[in-house]
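Colleague: I should be grateful for a close look at one part of this model, namely its largest pocket. Please describe the lining first and then the sheet around which the description can be organised.

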Amino acid sequence: METIYQQMSDEELKAAIAELEREVEETRAKGLKLDMARGKPSPAQVDISRPMLDLLTSDADLTDGGIDCSNYGCFEGIPSARRLAGEFIGVPPEQTIVLGSSSLNIMQSILIHYWEKGVPGYTPWSKLEHTKFLCPAPGYDRHFGITEHLGIENIPVRMTETGPDMDEVERLCAEDDSIKGMFCVPKYSNPTGITYSEETVRRLATMKAAPDFRIVWDNAYAVHDLTDEGDTLANIFDIAREAGNEDRILGVASTSKITFPGAGIAFFGSSPANVAEVSRTLQVGLISANKLNQLMHTRFLPSLDAVRAHMRKHAEFLRPRFAAVERKLTEGLADTGCATWTHPNGGYFVSFDGPEGSAKRVAALCAELGVKLTPAGATWPYGKDPHDTNIRIAPTYPSVEELEAALDVLVLATKLVSAQLALEAR
């Protein structure tokens, strides 16, 4: 699809660029300082969880299911927290471990173990001539950073409206045993906001792959619906178990964007064999996680129903922000051919694509005008977006007014860069 600027005559295009440059200078003079770089809850969202801090007083009962939460022990997590973890991840409580606040740290620890020791019964990944990981892209930059840091080769796989391109995933895994794993954010993916279809989930659970192939199932946005009619995600653990592949799936989640970012509780869930193996590995350096934090969380959020009720409060803050993104982008860019963007039903991001070769220039111009964005290219392995089109919009932290101002800048930058690209191509 051509942009409106590609359809203009030379005189019309030069006049349009001059007008856009005038608007840029007006915007520059405002001295804006706005941040849409990371997906963080707003301060008002974080305040929703403040009542939790009052639950463990000096005279509180600090036991849970017979476990003394004020002392050592219970490495796997207190009973109430494991029940909640099972509900989050979709496995029985005994197939979970509840640890510190970071699911990213859990993922890193497990992959380091496989790198150094190998999946039980198989060669350590570090001893192989090649070790590769599939990375749905656009995707989560911190996932890609874990494997890149270990020296694992990251292979991008195109995201579609139903999840990663499964024809490509299946082809690659069937042909190449050096592909040892894959990252997935299956519900409200970062940054596209799409939820994997049941067919995609089933194909991931049942496809042919190396016997030590593992899927990191990072269900970070499992309960982050914008409305009461949120997306539904199939239970991959049930499907994988029926197919004889239950060891394939490594599930993680956390309360980082539910209660307090950096001070929540994180969950791991998988097959009995994987849970036992991960426990043996982590227990070398950890007697037990913070059980008082687990206790405080489960008294505040004792069940998934309680979590969903809590998340409806979060949604009250998020809906106006996502609506502002849709409104501003539609008003500024609809029918221009200069951009497309996703329309998620939940999660924390909107994925924005401009013309080929535009993303770095748009992000740089936004920065000049006082709007900080996630770096262009960050949503691809090694920061290399092959077409230089994608920008991740993170609308959650700014106020609605700040967000609208930042989106006006993004629209303006996209128009000017699109016009400049059209002129340069002549």
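**The largest pocket and the sheet**

Modeller: In this predicted model, the lining of the largest pocket comprises, by class, ten nonpolar, nine polar and six charged residues. The space in this pocket amounts to about 590 Å³. Of the 25 residues that line the pocket, Gly39, Tyr140, Arg142, Ser256 and Lys257 are the closest to its centre. Helix H4 (103-116) and strand S10 each contribute at least two residues to the lining, and H4 gives the most, with three residues.

Strand S10 leads to the sheet. Eight strands form an open sheet with mixed pairing, in the order S4-S11-S10-S9-S8-S5-S6-S7. Strand S4 (96-98) and strand S7 (163-164) stand at the edges, and each has a single partner strand, so one side of each is left without a neighbour in the sheet. In general, the strands of a sheet pair through backbone hydrogen bonds, in either a parallel or an antiparallel manner. Strand S5 (residues 132-137) and strand S8 (residues 179-184) are paired in the parallel sense, over three bridges. Within this pair, lysine 132 stands opposite isoleucine 179 in S8.

Two helices may be added to this picture. Helix H3 (residues 79-89) packs on the sheet and touches S4, strand S10 (249-254) and strand S11 (266-269); the direction of H3 makes about 70° with that of S11. Helix H9 (residues 272-282) also packs on the sheet, where it touches S4, strand S9 (214-218), S10 and S11. The direction of H9 makes about 35° with that of S4. Strand S10 is thus touched by H3 and by H9, and it supplies at least two residues of the pocket lining.

Definitions and conventions: Residues numbered from 1 in each chain as written. Predicted model: local features only at pLDDT ≥ 70, side-chain atom pairs only at ≥ 80, totals over all residues. Heavy atoms only, no water. Pairing = 2+ DSSP bridges. Helix = DSSP H or I, 4+ residues; strand = E, 2+ residues; numbered from the N terminus. Contact = heavy atoms within 4.5 Å. Axes fitted to C-alpha atoms, helices over the stretch in contact; angles between N-to-C directions. 1 Å grid on protein atoms, 1.4 Å probe; cavity = no way out; pocket = protein on both sides within 12 Å on 5 of 7 lines; lining within 4 Å. Points joined across faces, edges and corners; volume = space filled by probe spheres on them. Nonpolar A, V, L, I, M, F, W, Y, C, P; charged D, E, K, R; others polar.
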